[in-house]
Amino acid sequence: MKNISLNIEKTLGFISKDAVNAYEAQVKAGSEALHNGTGKGNDFLGWLNLPSSISKEHLADLQSTANVLRENCEVVVVAGIGGSYLGARAVIEALSDSFALLKEKKDGPVMIYAGHNISEDYIYELTDYLKGKKFGVINISKSGTTTETALAFRLLKKQCEDQRGKETAKKCIVAITDAKKGAARVTADKEGYKTFIIPDNVGGRFSVLTPVGLLPIAVAGFNIEQLVAGAVKMEEACGLNVPFGENPAAIYAATRNELYKSGKKIEILVNYHPKLHYVMEWWKQLYGESEGKENKGIFPAAVDFSTDLHSMGQWIQEGERTIFETVISIETPNQKVVVPSDEANLDGLNFLAGKRVDEVNKMAELGTQIAHVDGGVPNMHISMPQLNEYYIGQLFYFFEKACGISGYLLGVNPFDQPGVEAYKKNMFALLNKPGYEEESKAIQARL
Ligand SMILES: O=P(O)(O)OC[C@H]1O[C@](O)(CO)[C@@H](O)[C@@H]1O
């Protein structure tokens, strides 16, 4: 079976191959720091050997819990924010039929999301949609105290109990949280929910291969064994002893850092299949929270092409030359559609007749790559043989490993996120949360 592969050829007019290769020693030091646990944030390295340490029994436990939800729920709400929902959503949206929600016949529960915003309209519309429905909830929060998620869960728990009764609700609510602390743990223990633990040493954005990602993905009907198998494959392919030139995580980390050093401050992740939209969102959190600190770090952005070629395409082609692109390309689509011939040919598209739509998409991709490189945008290319669980598993681990190395190359702690506390502190002060009296006074004086 093939692996995902990385091609950096189209960055080499902007940075030299020698400059990339010159990172070899630094990358080795970074990888060793990860594997030996001697670098910054070394109490959050549980993700590193996670794929190969997932047991069959654990997967079976997840699958049987997923089956209970599948059997008892027509809708399952995944409540979580950031790393506590993006990985699951990334896989579920990438692998689901784009119109699954509109189809009468469903293969499993409808998967929807909550706890990732504080919009009153969203919460109203969600709870309204759930009225009269047999729904369940997967409540995901590592800290167990995240306001967005806790607020949504408070409403969903009540609605589930009111609609389905306490006993059924108990069967249809699952908590994924810390082993001991946090409000989500306290509630789950008190109510007797089935729970899964997020290991202490796995941060939210690295948690997709824990129950955080695996349970919702299994509930949606996707193959978590294959997802893990793909990640295991990349754990090997990006391992400590794999030579620099053959290690995709090492090369990606080195190339993006060299591009950054040369003035390319923004990395745009690109897809040509909108189903990958949430894979990009997952990646944005992974790199944004890991690297954006100490007044440095590449800004991770993302676009869906060719859609965004008709909006952001102008900026990318001719705006400030501080960007580079990383394209995720799917070699073979899962479906086949051929462009039909038309006798009148009023739209002038007969030159495409007989071709697969993917051939047109691939020429859009190639044409864009050439145009953007000509326009001063270095281009990295990640090739994914197919869109399935196995290759998404590979992609996840590849990006995680590269992120750890890249953060160390940049000289930051890739495993903390102190900056996200600032808004929370102000919000609590403004809402007069008990314990924030001093902050409340201080912030009121500034208004
Ligand atoms: O799982 P939790 O603790 O609710 O956190 C959710 C998200 O919030 C953050 O802690 C940022 O506030 C992320 O790092 C994390 O993925």
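Mentor: Ala, Val, Leu, Ile, Met, Phe, Trp, Tyr, Cys and Pro count as nonpolar, Asp, Glu, Lys and Arg as charged, and the others, Gly among them, as polar. Keep that sorting at hand; the model above is a predicted one.

Trainee: How is empty space found, and what volume has the largest pocket?

Mentor: Rolling a probe the size of a water molecule over the atoms shows where empty space is left. In this structure the largest pocket has a volume of about 1100 Å³. Its lining is made up of 37 residues, and Ile81, Gln285, Glu289, Val420 and Lys424 are the closest to the centre.

Trainee: Which elements give two or more residues to the lining of the largest pocket?

Mentor: They are helix H7 (147-164), helix H13 (277-291) and helix H17 (421-430). H17 gives the most, with 6 residues.

Trainee: How do the residues of that lining divide into nonpolar, polar and charged?

Mentor: The lining of the largest pocket has 11 nonpolar, 14 polar and 12 charged residues.

Trainee: Where does the ligand sit?

Mentor: The ligand is in the largest pocket. It is surrounded by 14 residues, and the closest are Ser84, Ser141, Lys142, Ser143 and Thr146. Sorted by class, this shell holds 2 nonpolar, 9 polar and 3 charged residues.

Trainee: Which polar side-chain atoms should I look at around the ligand?

Mentor: A pair of N or O atoms within 3.5 Å is taken as a polar contact. Start with serine 141, where a polar side-chain atom is 2.6 Å from a ligand oxygen atom. For serine 143, an N or O atom of the side chain lies 2.7 Å from an oxygen atom of the ligand. For glutamate 289, the distance from a side-chain N or O atom to an oxygen atom of the ligand is 2.9 Å. Glu289 is also among the residues closest to the centre of the largest pocket.

Trainee: How much of the ligand does the protein bury?

Mentor: Taken alone, the ligand exposes 390 Å², and the protein buries 87% of that.

Trainee: How much space lies in the second largest pocket?

Mentor: That pocket holds about 870 Å³. It is lined by 33 residues, with Ser96, Asp97, Ala100, Leu101 and Met111 the closest to its centre. Helix H5 (86-95), strand S3 (110-114), helix H6 (120-130) and H13 each give two or more residues to this lining. By class, the second lining has 17 nonpolar, 6 polar and 10 charged residues.

Trainee: Now the backbone. Which residues does a cis peptide bond join?

Mentor: The bond lies between phenylalanine 305 and serine 306, with omega at about 5°. Serine 306 belongs to the loop between strand S8 (299-304) and helix H14 (313-318).

Trainee: What is the phi of asparagine 345?

Mentor: Phi there is near 50°, a positive value in a residue other than glycine. Asparagine 345 is in the loop between strand S9 (323-332) and helix H15 (357-374).

Notes:
Residues numbered from 1 in each chain as written. Predicted model: local features only at pLDDT ≥ 70, side-chain atom pairs only at ≥ 80, totals over all residues. Heavy atoms only, no water. 1 Å grid on protein atoms, 1.4 Å probe; cavity = no way out; pocket = protein on both sides within 12 Å on 5 of 7 lines; lining within 4 Å. Points joined across faces, edges and corners; volume = space filled by probe spheres on them. Helix = DSSP H or I, 4+ residues; strand = E, 2+ residues; numbered from the N terminus. Near = heavy atom within 4 Å. Polar contact = N/O pair within 3.5 Å; in protein donor to acceptor, adjacent residues only side chain to side chain. Areas by Shrake-Rupley, 256 points an atom, 1.4 Å probe, with all protein chains shown as cover. Sits in = over half its atoms within 2 Å of the grid points.
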